[in-house]
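Reader: Could you take me through the helix packing here, and say what backs up each label?

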Amino acid sequence: MKIDLNCDLGESFGNFKMGNDVEMMKYITSANIACGFHAGDANVMSETVNMAKNAGVALGAHPGFPDLEGFGRRNMTCTSNEIKNYIRYQVGALREFCSFAGVELQHVKPHGNLYVMAMEDDEMAKAILEVISSLGKNVITFALNDSAISNMAKSMGVPVAIEGYGDREHTYNGHIVQIRKGPDEDRTARLTDRAIRLVKEGKVITNEGKDIDLKVQTLCVHGDTFGAADLMKNIREGLEREGVEITAISNFL
C-alpha cells in the first residue's frame, strides 16, 4: 500500500511569512508551490523549489485566482480563456524555476476557490485540464473524488490523483469542507487516526457524521493549518508503522 503526502508551500510573500516550509519538507513527498497570484513571489518560488529539490520532494504548481488580498479563497467569475491564461501564467513561471533547478514538474493542483469551484463546474474543469494536458502526458492533476475535474481528466487522458485531507472535513461525496479549526486537546491524535483509517481502509467519517468509502492516492495537510508540521509528522509516522509506503505520486500512479 502506497500514499503520497502533499502540502501547499511557498505561500510567503515579501515580508509576509506563511507556514513552516522547512519543517513540512521533512514529512511530505509532494509540494504544491504557490505561483504568485494568491500567494508567493519570485524569490519565494525559487527558494521553495530548491528546498524541495534538496529534500527529495516532488514539485507541483499551485495556481490560484489573482486574489492576494483574499488568499485565493474568494469566488471569482472568469471566462474559460481567462482561467486558461491564469493557469498558463502561473504554471509557466513555476516550471521555469523547476527547469533552472534541474527538476521536473510532477503535478498541478489548483488552489483554494479555483480548486473548489472547478470541481463542480465542467467548463472551468475543461479549461484547467486543457492547459495541464498541454504540459506533457506525465503531468498529474490533483482532484477531488467524483468531481468534474477527476471525471473529465479520465476521459481526456490526463493522469489524475484523488486527494483526501488530513486537516479538513469531508462531505458525503468526499469533497472538502473549507472550515479551518484551531487547537483542541486531542486534535492531533484524532486527525492522525482519521487519516490513517482513510488511507488504510478507504473510509472516513463525514462532516455530517456518516461513514463513507473514499479511496485516495494523495493526502494533504495545508501549510497554514494550525500545527501543520506536527500533524503531518504524526500522520507519516503512523502510516509507516502500519506498513504504508510513503512516496511521491509519480512513483505509483
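Author: Sure, starting with a definition: angles under 35 degrees count as roughly parallel, over 145 as roughly antiparallel, 65 to 115 as roughly perpendicular, and the rest as oblique. This is a predicted model, where local features need pLDDT of at least 70, side-chain atom pairs count only at pLDDT 80 or more, and totals for chains, interfaces and linings use all residues. Residues are numbered from 1 along each chain as its sequence is written, and side-chain values use heavy atoms, with hydrogens and water left out.

Reader: Why are α7 and α8 called oblique to each other?

Author: Helix α7 (residues 187-201) and helix α8 (residues 228-241) pack at about 45°, with axes 9 Å apart. That angle falls in none of the named ranges, so α7 and α8 are oblique. Helices here are DSSP runs of H or I, at least four residues, numbered from the N terminus. Axes are lines fitted to C-alpha atoms over the stretch in contact, with angles from 0 to 180 degrees between N-to-C directions.

Reader: What makes the crossing of α7 and α8 right- or left-handed?

Author: Right-handed means the near helix is turned clockwise from the far one by less than a right angle, left-handed anticlockwise. The crossing of α7 and α8 is right-handed.

Reader: Which residues in α7 meet α8?

Author: Among them are Leu191, Ala195 and Val199 in α7, which meet residues of α8 including Leu231, Ile235 and Leu239. By class that contact has 7 nonpolar, 4 polar and 1 charged residues. Ala, Val, Leu, Ile, Met, Phe, Trp, Tyr, Cys and Pro count as nonpolar, Asp, Glu, Lys and Arg as charged, and the others, Gly among them, as polar.

Reader: What makes α2 oblique to α3?

Author: α2 and helix α3 (residues 80-101) pack at about 45°, axes 10 Å apart. That makes α2 oblique to α3. The crossing is right-handed, and its contact residues divide into 8 nonpolar, 2 polar and 1 charged.

Reader: How do you know that lysine 84 is in contact with α5 residues?

Author: Contact means heavy atoms within 4.5 Å. The axes of α3 and helix α5 (residues 122-133) come within 9 Å and cross at roughly 35°. Lys84 is one of the α3 residues making that contact, and Ala127, Glu130 and Val131 are among those from α5. Leaving aside neighbours within four places in sequence, lysine 84 is in contact with Ala127, Glu130 and Val131. The whole α3–α5 contact divides into 6 nonpolar, 1 polar and 4 charged residues.

Reader: Which helix gives the most to the lining of the largest pocket?

Author: Helix α2 (residues 42-55), with 5 residues. The lining has 13 residues, with Ser12, Lys17, Val44, Glu47 and Thr48 nearest the centre. A pocket is an open set of points on a 1 Å grid where a 1.4 Å probe fits, with protein on both sides within 12 Å along at least five of seven lines, and lining residues have an atom within 4 Å of a point.

Notes:
Helices (H or I, at least four residues) and strands (E, at least two) are DSSP runs, numbered from the N terminus.
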